[in-house]
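Here's a quick tour of a protein model for you. Have the sequence and the 3D view open, and let's walk through it topic by topic.

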Amino acid sequence: MSELMIKDLHVNVEGNEILKGLSLTVRQGEIHALMGPNGTGKSTLAYTLMGHPNYEVTGGEVLFKGQNILELAPDERAHLGLFLAFQYPVAIPGVTVANFLRTAINAHRKAADPEDKGISIPEFRKLLKERMDLLQMEHSVAGRYLNDGFSGGEKKRAEILQMVTLQPEIAILDETDSGLDIDALRIVAEGVNAMRGAAFGALVITHYQRILNYIQPDFVHVMLDGRVVESGGPELAHRLEADGYDWLREKHSQVAV
Ligand code: ADP
Ligand code: MG
C-alpha cells in the first residue's frame, strides 16, 4: 500500500517561512480533506509536494512509498504515482488536450518499462472517450489547446480528466472546487468518487465544506499559519461550516485576521 508521509515540513517562499512544521500522512484507500483560510499555505504544500522550484524546503521530510521524494524531479514524482490538480491550471497553447494526455500516459508507461512502445491510437481514443464521458465533457475538447480559453469550470474538469486518465495512486487536488457551479462541482466529485477504492488516495484541499458533501472524506485536517492544527472526521468540516475558523484560532492562540 502506498503512503505519502509528510513530517515536520518547513518551506520558504521568497525568503518567508510559509510552512512551519506541517505533518500529515495520506494512504492509498483514504480520502483526506485539508481545509484552511486563504493564505495559510495550502497551495504552498501542494506545489512543494510536486517539486515546484520556487518552494524551498528548509526542514522536514516527505516520503512516498518509503522514498524521499524531495530529491526527485516533478516528473519522477508523477511516475511514482503522485498527481496534482492545480488551483490555477496554466494554458498550453499549441498542445491539444488529447496530445497532452497521450504524451503523459506514454511517459508513465516508459518510466515503468523502457521498452514500452506507447499506447496505440485506437486504445487511447477509446480510453479518452470513456473518461470524457465520465466527466460529461464534450469530445471536441480533446482537440482544443490545453486550458487555452477554457472557462474556470472547463479547466477544473480538464484537471480531473488528467487524473482519471493517469490513474495516480495519490492525488492532491488544490481547490478544484473553487469557481465551480453546482453541476460542475458534482461532476468533478463524481470523477474523484469513480477513482475511490483501495488503490487510490487523495488529499482534497478546499476552502469550503461544500465539495465535501459530494466527496465524503475519511479524515479532515485544518491548517492555520503553515501547520495542521486540528484533525478529525467529517464532523470537523461541518463544525467549520457552522462556526468558521475563529474558534480554532483561539484554541491555538492565533490572532484573528
Ligand atoms: P493558500 O493556498 O492556503 O491560500 P498559499 O500557499 O497560496 O495559501 O499562500 C501562503 C502564503 O505564501 C501567502 O502569504 C502567499 O502570499 C505566500 N506565497 C505563496 N506563493 C507565493 C509566491 N509564489 N511568491 C510569493 N509569496 C507566495
Ligand atoms: Mg491556495
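Which atom of ligand 1 does a backbone N or O atom of threonine 40 lie 3.3 Å from? It's an oxygen atom of ligand 1, and the pair makes a polar contact (N or O atoms within 3.5 Å; within protein, one must be able to donate a hydrogen and the other to accept it, and residues adjacent in sequence count only if both atoms are side-chain atoms). Before we go on, keep in mind that this is a predicted model, where local features need pLDDT of at least 70, side-chain atom pairs count only at pLDDT 80 or more, and totals for chains, interfaces and linings use all residues. Residues are numbered from 1 along each chain as its sequence is written, chains are lettered from A and ligands numbered from 1 in the order in which they are written, and side-chain values use heavy atoms, with hydrogens and water left out.

**Around ligand 1**

- The residues surrounding ligand 1 are Val13, Glu14, Ile18, Pro37, Asn38, Gly39, Thr40, Gly41, Lys42, Ser43, Thr44 and Tyr55; to make this list, a residue needs a heavy atom within 4 Å of the ligand.
- Sorted by class, that shell has four nonpolar, six polar and two charged residues. Here Ala, Val, Leu, Ile, Met, Phe, Trp, Tyr, Cys and Pro count as nonpolar, Asp, Glu, Lys and Arg as charged, and the others, Gly among them, as polar.
- Helix H1 (residues 42-50) gives the largest share of the shell, three residues. Helices (H or I, at least four residues) and strands (E, at least two) are DSSP runs, numbered from the N terminus.
- A polar backbone atom of glycine 39 sits 2.8 Å from an oxygen atom of ligand 1.
- The side chain of tyrosine 55 joins in too, with an N or O atom 3.3 Å from a nitrogen atom of ligand 1.
- On its own, ligand 1 exposes 550 Å², and the protein buries 64% of that. Such areas come from the Shrake-Rupley method with a 1.4 Å probe; for residues, only the protein chains shown count as cover.

**The magnesium ion**

- Ser43 (OG) and Gln87 (OE1) coordinate the magnesium ion (ligand 2) at 2.1 to 2.3 Å. Donors are N, O and S atoms within 2.8 Å of the metal (3.2 Å for Na, K and Ca), and water is not among the atoms, so sites may look incomplete.
- Serine 43 belongs to helix H1 and glutamine 87 to the loop between strand E6 (82-85) and strand E7 (92-96), so this pair ties together parts that are 44 residues apart in sequence.
- Serine 43 and glutamine 87 are both buried (buried is under 20% relative accessible area, exposed is over 50%, and partly exposed is in between, with a 1.4 Å probe and protein chains only).

**Two unusual backbone angles**

- Most residues other than glycine have a negative phi.
- Lysine 65 isn't a glycine, yet its phi is positive, about 55°. You'll find lysine 65 in the loop between strand E4 (55-64) and strand E5 (67-68), partly exposed at 37% relative accessible area.
- Aspartate 225 has a positive phi as well, about 45°, although it is not a glycine. Look for aspartate 225 in the loop between strand E11 (219-224) and strand E12 (227-232), where it is partly exposed at 33%.

**Two faces of helix H7**

- Which residues of helix H7 (residues 234-243) are buried? They are Leu236, Ala237 and Leu240.
- These buried residues cover an arc of only 100° around the axis, which puts them on the same side of H7. The arc is that of the directions from the helix axis to the C-beta atoms.
- Glu235, Glu241 and Ala242 are the exposed residues on the face of H7 turned away from its buried side.

**A few more spots**

- Threonine 206 is part of strand E10 (residues 201-206) and is buried, at 0% relative accessibility. The side chain of threonine 206 reaches the backbone oxygen of tyrosine 208 at 2.8 Å.
- Glycine 15, in the loop between E1 and strand E2 (16-27), is exposed at 61%. From glycine 15 to threonine 44 it's 29 residues in sequence and 13 Å in space, C-alpha to C-alpha.
- Leucine 9 is in strand E1 (residues 3-13) and is buried, with a relative accessible area of 0%.
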